[in-house]
Amino acid sequence: MKKVFVGVIVTLAVVLVFRSCADEREEKSILQENSMLIQTQIDNVSKLIVTEGHFAEVYNYKDSKMLFGPFISAEKKALVVVNADVTIAYDLNQIDFEVDEVNKILRIKSIPEPEVKINPDFEYYDVSSDYLNMFEASDYNKIKKNVKASLMKKVEASSLKTNARNRLISELQKFYILTNSMGWQLVYKDEVVDQNLSDFFLKD
């Protein structure tokens, strides 16, 4: 009778150990599948988010050079009409992240800064200059530099950057939905992200 009892105990112990190992393997397999799913989702949204705009600028350029004292001057001037296409882009391939399988955390360490590109088309009208103060390459370079600075101010004052940020948030929302649905946490700069993503990703 004692041998039978011992045999039953040993059998139960073996079954429990087997089940424990099987459960552990199943849990590890699910964990790896979830990690691969998160990695795949990040790869799917790793793209270039672009917001486009168009700006126009009329720029009056004038330069005077004093000759023989303050009584004689030589002038050059130009009327410049500029049409510029502007793009603001987030390259999500540059997102720095890590998948923490042990603690079930997707950590986003950093998000790329927006890339602003201005492509202006210059048309020059009423270009005139005196013989002693001729137009030179430096004048055209100065015009382009001043116009680009003026256009950048218009871009900063416009809604383009806000629109680009909103599109960025809509993409990052997919990370939150995915991790939340699998019981994982989304962490950005050591803070757990909740539904108000803009409070986290745009606060810097």
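**Entry 1: confidence.** I began with the weak stretch, residues 10-23, where pLDDT stays under 50 and the model, which is a predicted one, has 0 contacts beyond four places in sequence. I found a second stretch of this kind at residues 4-8, again with pLDDT under 50 and with 0 contacts beyond four places in sequence. I then compared the elements of the chain, and noted that helix α1 (residues 2-45) has the lowest mean pLDDT, 54, whereas helix α2 (residues 137-157) has the highest, 91. For the chain as a whole I recorded an average pLDDT of 78, with 72% of the residues scoring at least 70. I keep in mind that predicted coordinates should not be read in detail where pLDDT is low.

**Entry 2: layout.** I listed 4 helices and 7 strands, which follow one another from the N terminus as α-β-β-β-β-β-α-α-β-β-α. Looking at contacts between residues at least 6 apart in sequence, I noted that 73% of them join residues at least 24 apart. I also looked up burial and surface: buried residues make up 31% of the 204 residues, and the chain exposes about 13,400 Å², of which carbon and sulfur atoms supply 53%.

**Entry 3: the sheet.** I traced an open sheet of 4 strands, ordered β3-β4-β6-β7 and mixed in its pairing. Its edge strands are β3 and β7, each of which pairs on one side only. For the pair β6 and β7 I recorded an antiparallel run joined by 2 bridges, and I looked up V187, whose bridge partner in β7 is V192. I then turned to helix α3 (residues 160-181), which lies across β4 and β6 and runs at about 140 degrees to β6.

**Entry 4: positive phi values.** I looked for backbone angles that deserve a second look, and noted K104, which is not a glycine and yet has a positive phi of about 55 degrees. K104 is found in the loop between β3 (96-100) and β4 (105-110), and I recorded it as partly exposed because its relative accessibility is 38%, which falls between the 20% and 50% cut-offs. I noted D190 next, also a residue other than glycine, with a positive phi near 70 degrees. D190 lies in the loop between β6 (185-188) and β7 (191-192), and with a relative accessibility of 73% it counts as exposed, since the cut-off for that class is over 50%. I thus placed D190 in the loop that links β6 and β7, the two strands whose antiparallel bridges I had looked up for the sheet.

Conventions:
Residues numbered from 1 in each chain as written. Predicted model: local features only at pLDDT ≥ 70, side-chain atom pairs only at ≥ 80, totals over all residues. Heavy atoms only, no water. pLDDT = per-residue confidence, 0-100. Contact = heavy atoms within 4.5 Å. Buried < 20%, exposed > 50% of the residue type's maximum accessible area, 1.4 Å probe, protein only. Areas by Shrake-Rupley, 256 points an atom, 1.4 Å probe, with all protein chains shown as cover. Pairing = 2+ DSSP bridges. Axes fitted to C-alpha atoms, helices over the stretch in contact; angles between N-to-C directions.
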